[in-house]
Amino acid sequence: SRMNDYYMVVLKNGITMDFKGLCNMVDLSAKTAIIFGHKEDEGVKPLAIIPRENVVYILNSFFVNYKNDSDYEGGEF
């Protein structure tokens, strides 16, 4: 995975959160929520903790950029 890859999350209300390209870690270990974070040498800074029921799917920027869809705002590819 390249250093500039990052994660985005699409929520059930139609909002896509890109975390300004800072989210390079997704923690799926909790049963009720997903933690999105920025991992650095010093550790992980949490960016958001989102209840699982609010999440439609999680995207990697490489996939979106590969699809030539830099203006992606949610919905179908």
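How many residues lie between β1 and β2 in the hairpin that they form, and which residue in the turn has a positive phi? In this predicted model, β1 and β2 are separated by 4 residues, and the turn holds Gly 14, whose phi is positive at about 95 degrees. The two strands of this hairpin run antiparallel and are joined by 2 bridges, with β1 covering residues 7-11. Within the pair, Val 9 has Met 17 of β2 as its bridge partner.

The chain as a whole contains 1 helix and 6 strands. Their order along the sequence is β-β-β-β-β-β-α, with the helix following the strands. The chain has 77 residues, of which 26% count as buried. Its accessible surface amounts to about 5,600 Å², and carbon and sulfur atoms contribute 52% of that area. Among contacts with a separation of 6 or more, 39% are made by residues 24 or more positions apart.

Strands β1 and β2 belong to an open sheet of 3 strands, arranged in the order β2-β1-β6 with antiparallel pairing. Its edges are formed by β2 (16-17) and β6 (55-60), each of which pairs on one side only. Strand β1 pairs with β6 in the antiparallel sense through 5 bridges. In this pairing Val 10 is found opposite Tyr 57 of β6. Is β1 enclosed by the rest of the structure, or open? Of the 5 residues of β1, 4 are buried, and the strand is therefore largely enclosed by the rest of the structure. The threshold applied here for a buried residue is a relative accessible area under 20%.

A further antiparallel pairing involves β4 (residues 33-40) and β5 (residues 43-51), which are linked by 8 bridges. The connection between β4 and β5 is a hairpin of 2 residues. Ala 33 is positioned opposite Pro 51 of β5.

Which residues make up the largest nonpolar core? This core has 9 members, namely Val 9, Leu 11, Phe 19, Cys 23, Ile 34, Phe 36, Ala 48, Ile 50 and Val 55. Strands β1, β4 and β5 each provide at least two of the core residues. Ala 48, one of the core members, contacts Phe 19, Ile 34, Ile 35 and Phe 36 when its neighbours within four places in sequence are left aside.

Cys 23 is another member of the core. This residue is placed in the loop between β2 and β3 (25-27). Is Cys 23 buried or exposed? With a relative accessible area of 0%, Cys 23 is buried. Beyond its neighbours within four places in sequence, Cys 23 makes contact with Tyr 6, Tyr 7, Phe 36, Gly 37 and Leu 47. One of these contact partners, Tyr 7, is 16 residues from Cys 23 in sequence, while the C-alpha atoms of the two residues lie 5.4 Å apart in space. Phe 36, also among the contact partners of Cys 23, is likewise listed in the core and is in contact with Ala 48.

Notes
Residues numbered from 1 in each chain as written. Predicted model: local features only at pLDDT ≥ 70, side-chain atom pairs only at ≥ 80, totals over all residues. Heavy atoms only, no water. Buried < 20%, exposed > 50% of the residue type's maximum accessible area, 1.4 Å probe, protein only. Contact = heavy atoms within 4.5 Å. Areas by Shrake-Rupley, 256 points an atom, 1.4 Å probe, with all protein chains shown as cover. Pairing = 2+ DSSP bridges. Core = buried A, V, L, I, M, F, W, Y, C linked by side-chain atoms within 4.5 Å.
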